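Reader: I would be grateful for a close look at one part of this structure. Please take the central strand region together with whatever packs against it, and treat it as one connected account.

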Amino acid sequence: MKTLSFVCATEEEIEVGKEYLFGQLWDGNGDGEELLSSGSIYLGDDENDMPVIADFEIAENNDDILKATIRILDIR
């Protein structure tokens, strides 16, 4: 899966252990504050139309949730 460059920053592969801005992963749908506090986010569907979810922890909060830094813990 790749980051969503249309929300924030440039497109890149999402990898476990790396840090990203929340705005790179959130597609803008739903309650961003709730998603950020949930610790997981839907990234899209894989080639078998199965949902791909990233589990994360907040590495650094920011008043602008799009700029909060999150660290990917798992992709399932």
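Author: The account below begins with the sheet, turns to strand E3 and its partners, and ends with the aromatic residues and the core.

The model is a predicted one. Its open sheet has four strands in the order E1-E4-E3-E2, with antiparallel pairing. Strand E1 (19-21) and strand E2 stand at the edges with a single partner strand each, so one side of each is left without a neighbour in the sheet. From one strand to the next, the twist averages 45°.

Within this order, strand E3 stands between E4 and E2. On one side, strand E3 (residues 51-60) pairs with strand E2 (residues 40-45) in the antiparallel sense, over five bridges. Two positions illustrate the register: Tyr42 has Ile53 of E3 as its bridge partner, and Gly44 stands opposite Val52 in E3. On the other side, E3 is joined to strand E4 (residues 69-75) by six bridges, and these two strands also run antiparallel. Here Ile58 has Ile70 of E4 as its bridge partner.

The connection between E2 and E3 merits separate attention. The two strands form a hairpin with five residues between them. Asp49 is placed in the loop between E2 and E3, and its phi is positive, at about 60°, although Asp49 is not a glycine. Most residues other than glycine have a negative phi. Asp49 has a relative accessibility of 62% and therefore counts as exposed, the cut-off being over 50%.

A second aspartate, Asp55, lies in strand E3 itself. Its relative accessibility is 18%, and because buried means under 20%, Asp55 counts as buried. Leaving aside neighbours within four places in sequence, Asp55 is in contact with Gly39, Ser40, Arg71, Ile72, Leu73, Asp74 and Arg76.

The aromatic residues come next. There are two aromatic pairs in the model. Phe22 and Trp26 form a stacked pair, with 5.7 Å from centre to centre and 25° between the planes. Both of these residues are buried. The other pair consists of Phe22 and Phe56, whose ring centres are 6.3 Å apart and whose planes are at 55°, so this pair is tilted. Phe22 lies in helix H1 (residues 22-25) and Phe56 in strand E3, so the pair ties together parts that are 34 residues apart in sequence. Phe56 is buried, as is Phe22. Through these ring pairs, Phe22, Trp26 and Phe56 are linked into a cluster.

The contacts of Phe22 extend beyond the rings. Apart from neighbours within four places in sequence, Phe22 is in contact with Gly32, Leu35, Leu36, Ile41, Phe56, Ile65, Leu66, Ala68 and Ile70.

It remains to place these residues in the core. In soluble globular proteins, nonpolar side chains tend to be buried together. In this model the largest nonpolar core has 15 residues, and those with the most contacts inside it are Phe22, Leu25, Leu36, Ile41, Leu43, Phe56 and Ile72. At least two residues of this core come from each of H1, E2, E3 and E4. Strand E3 gives the most to this core, with three residues.

In summary, strand E3 pairs with E2 and with E4, and its residue Phe56 forms a tilted ring pair with Phe22 of helix H1. Both Phe22 and Phe56 are among the residues with the most contacts inside the largest nonpolar core.

Key. Residues are numbered from 1 along each chain as its sequence is written. This is a predicted model: local features need pLDDT of at least 70, side-chain atom pairs count only at pLDDT 80 or more; totals for chains, interfaces and linings use all residues. Side-chain values use heavy atoms; hydrogens and water are left out. Two strands pair if DSSP finds at least two bridges between them. Buried means under 20% relative accessible area, exposed over 50%, partly exposed in between (1.4 Å probe, protein chains only). Rings of Phe, Tyr and Trp (its six-membered ring) pair if their centres lie within 6.5 Å; planes under 30 degrees apart count as stacked, over 60 as edge-to-face and the rest as tilted. A nonpolar core is a set of buried Ala, Val, Leu, Ile, Met, Phe, Trp, Tyr and Cys residues joined through side-chain atoms within 4.5 Å. Contact means heavy atoms within 4.5 Å. Axes are lines fitted to C-alpha atoms, for helices over the stretch in contact, and angles run from 0 to 180 degrees between N-to-C directions.
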